[in-house]
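Hi,

Here is the structure I promised to pass on. Have a look at it first, and my notes follow below.

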Amino acid sequence: MSLNSNQIDAESMGPTCQSGSAIIYAWAMDAPEGLELPDGAGFQVGGDTDINYLVIQVHYAGVDKFISDPSLTDDSGFEYTYTLTPTPKISGVYLFLSQGSIPPDTETRMEMMCQWPNNAPVIHPFAYRTHAHFLGEVIAAFDINDKQQWTEIGRRSPRLAQMFYPVTNKDLVIHPGDLLAARCTFINNVGRTVYIGSTMDDEMCNFYMMYYFDRSELEKADNMPKYCNGYGGELWRDVLEQYVPESVNDEASELTVADSIQLAKGKGMNHG
């Protein structure tokens, strides 16, 4: 492995695949290793699916030692279990992400909201992962059913170990027509405007929801979206007006007790 600074800059900005890509799994910041899917669940790859290649991408916190010593190598990798027998449950990942900017000396909230299509399968979330860089405080996501009831999918500080954690409510079922909402809360104390982008000088606002659906609904899979895009700013109240409970509005930007304890013990990444 031998990289120069020009290669690093160019490759950090390029797409994984020109034809598009979807994340199956991600891990960061010394998180515990491994993810076990629910019994009978698996990701479909190859054959007539839209996943023809599996690509591993490694992001380094720093590569100076590789540049200074081209003889150094890296053995990073990923192990997975596969079967040729179709599983009764099919797994997938739905990603909330936002564009926008974070002004200096502010707490900024970026919200996303999308409807799960009426012609899509019923899905069962079982794990989630949050991701931001150095300004992220809390990232949370919710399901809103046809009775305007909000159920937390997950809430986590992105400054802690980034892996897929069990969802807050393991019995949650997302039905066609439900609204899905997420929020990233940032605290900017670096003295400059920070933009959403792909480098470590930028920020990111990501909430990954891992789910499964029953193979009996496979014919509806083409109707399933992969992303919910936001464009910065607060929009929950614009969409739902009075149907955003104050408790949800407050808790979505608050650390959980467990996260607060871990951060107080110095187990997370500090703000820049």
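Let me start with a pair of charged residues: Asp259 and Arg156 are both buried (under 20% relative accessible area; over 50% is exposed, and partly exposed lies in between, with a 1.4 Å probe and protein chains only). They form a salt bridge, with the closest N and O atoms 2.9 Å apart (a side-chain nitrogen of Lys or Arg within 4 Å of a carboxyl oxygen of Asp or Glu). This pair links distant parts of the chain, since Asp259 sits in helix H5 (residues 257-264) and Arg156 in strand S7 (residues 150-156), 103 residues apart.

A word on where this comes from: the model is predicted, so local features need pLDDT of at least 70 and side-chain atom pairs count only at pLDDT 80 or more, while totals for chains, interfaces and linings use all residues. Numbering runs from 1 along each chain as its sequence is written, and side-chain values use heavy atoms, leaving out hydrogens and water.

By the salt-bridge rule the count comes to 9. Among them is Arg155 with Glu152, at 3.0 Å between the closest N and O atoms. Arg155 is buried at 14% relative accessible area, and Glu152 is buried too, at 13%. Another is Arg109 with Glu107, at 3.5 Å; here Glu107 is partly exposed, at 48%.

As for the whole chain, there are 5 helices and 12 strands (DSSP runs numbered from the N terminus: H or I of at least four residues for helices, E of at least two for strands). Buried residues make up 39% of the 272.

Cheers
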